[in-house]
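Q: Please show me how to read the features of this model, one at a time.

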Amino acid sequence: MTRPDKTTCKLSDVNDAQAMHGSRGQLISQKPGAFLLVAAAYVLGGGGMLAWLIFLVMGPLVPLTIGLGMAGRLLLDALLCLLFFIQHSIMVRRGFRLWLTRTVRADFHGALYAAASGTFLLLLSVLWQPVGSALWTPSGPVRWAMIGVFLATGAGAWWGARSLGDFDALGIKPALRAFDSEKPVSTPLTIRGPYRWVRHPLYLFSLVIIWSCPIFTVDRLLHNGLWTIWIVIGATMEERDLVGCFGEAYRSYQKKVPMLLPTSLKPLATGSTGKPENHP
C-alpha cells in the first residue's frame, strides 16, 4: 500500500479497497445513476442546509403540533439532533468509507453524504417542536448587533471555504467525473486564510452562527447546547483522522495553532498549500 507523503493525504486504503471490489455489486454503474445522485446532492444537500439556516433565524419552517407534552417535545427535538449527528459523523469515518466501497464507489461518497445529511437537516427543520415562550427576546441595538454578527460570520465561513481551494461541499465533482477518470483521490494539506488562526474555523463559525441567532426558547437552548457539544466532539474525532492522514505535518500544525478558539490576533501559522475538508 502506498503511504501518503507528509503534505498529501491520498486516502490510499479507500482507493485500494475500491480497486479490489471493482465494478462488482456497485449500485451506481452508469452515468444516469451518477446524475441522479448529483441531483439528490443539490436538492437534498443544498436544500437541507438552506432550510436549517432559515430555521436558525426564523424557527421551524412549518410548525407542527404532534400533541406531545413538554418533555415529549424536547425528547423528539433531541432525537432529531442526534440522528443528524450520528449520520453525519459515521459517514465521514474512514472505516465506513472502506465498507461502503463494496456497493458504492469512492467517487460517489461525497454526494451520497451530502444527500443524507441534507435529508436529516430537512427532517430537523420541519419536525422540530417549539417549547414555551422566549426566555429572552433581544431588541433594539442588541438584536441588530446579533444579526450583524450572524451575517459577518456567514461571510467568514465563505472565506474559510474559499481557503480550502477547490471546495466541493456537496461532493458533486468526483461524481460527475467518475466515469471519465480513475485517478486516486489526493488531498493536499492547506494552511491559509482562517486556518492560520484555528485548525477548524468552519466549526468555529458554525458555533457563532448558532449562538448569534436572536431566538432563546427552551427548545432552542437545547438545540444550541447539543450542537455545541457535537461540534467539539466531532472536531476531536476529526483530529485523529487528520493525524492518521498527514502524520507529523499535522502534529506540527497542532502544536502551533489551537483547535477552535483563537488565542492571538496575529496568524500563528504561515501559509502553505492545501488543508483537508472539515466534517464533524
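**Reading the model**

A: We may begin with one residue in this predicted model. Leaving aside neighbours within four places in sequence, Ser163 is in contact with Thr190, Arg192, Gly193, Pro194 and Tyr195. Ser163 belongs to helix α6, which spans residues 140–163.

Q: Is Ser163 buried or exposed?

A: A residue counts as buried when its relative accessible area is under 20%. Ser163 has a relative accessible area of 7%, so Ser163 is buried.

Q: How should a nonpolar core be read, and which residues have the most contacts inside the largest one?

A: In soluble globular proteins, nonpolar side chains tend to be buried together. Here the largest nonpolar core has 22 residues, and Trp52, Leu124 and Trp227 have the most contacts inside it. Two or more residues each come from α2 (31–58), α3 (70–91), α5 (109–127), α8 (201–212) and α9 (218–246). The most is given by α3, with five residues.

Q: Which residues does Leu124 touch?

A: Not counting residues up to four places away in sequence, Leu124 touches Trp52, Phe55, Leu80, Cys81, His223 and Trp227.

Q: How is empty space found, and which residues lie nearest the centre of the second largest pocket?

A: Rolling a probe the size of a water molecule over the atoms shows where empty space is left. The second largest pocket has a volume of about 990 Å³. Its lining comprises 33 residues, with Met49, Phe167, Ala169, Leu202 and Ser206 nearest the centre. The elements giving two or more residues to this lining are α2, α3, α5, α6, α8 and α9. Helix α6 gives the most, with seven residues.

Q: How many residues of each class are in the lining of the second largest pocket?

A: That lining has 23 nonpolar, nine polar and one charged residues.

Technical notes. Residues numbered from 1 in each chain as written. Predicted model: local features only at pLDDT ≥ 70, side-chain atom pairs only at ≥ 80, totals over all residues. Heavy atoms only, no water. Core = buried A, V, L, I, M, F, W, Y, C linked by side-chain atoms within 4.5 Å. Buried < 20%, exposed > 50% of the residue type's maximum accessible area, 1.4 Å probe, protein only. Helix = DSSP H or I, 4+ residues; strand = E, 2+ residues; numbered from the N terminus. Contact = heavy atoms within 4.5 Å. 1 Å grid on protein atoms, 1.4 Å probe; cavity = no way out; pocket = protein on both sides within 12 Å on 5 of 7 lines; lining within 4 Å. Points joined across faces, edges and corners; volume = space filled by probe spheres on them. Nonpolar A, V, L, I, M, F, W, Y, C, P; charged D, E, K, R; others polar.
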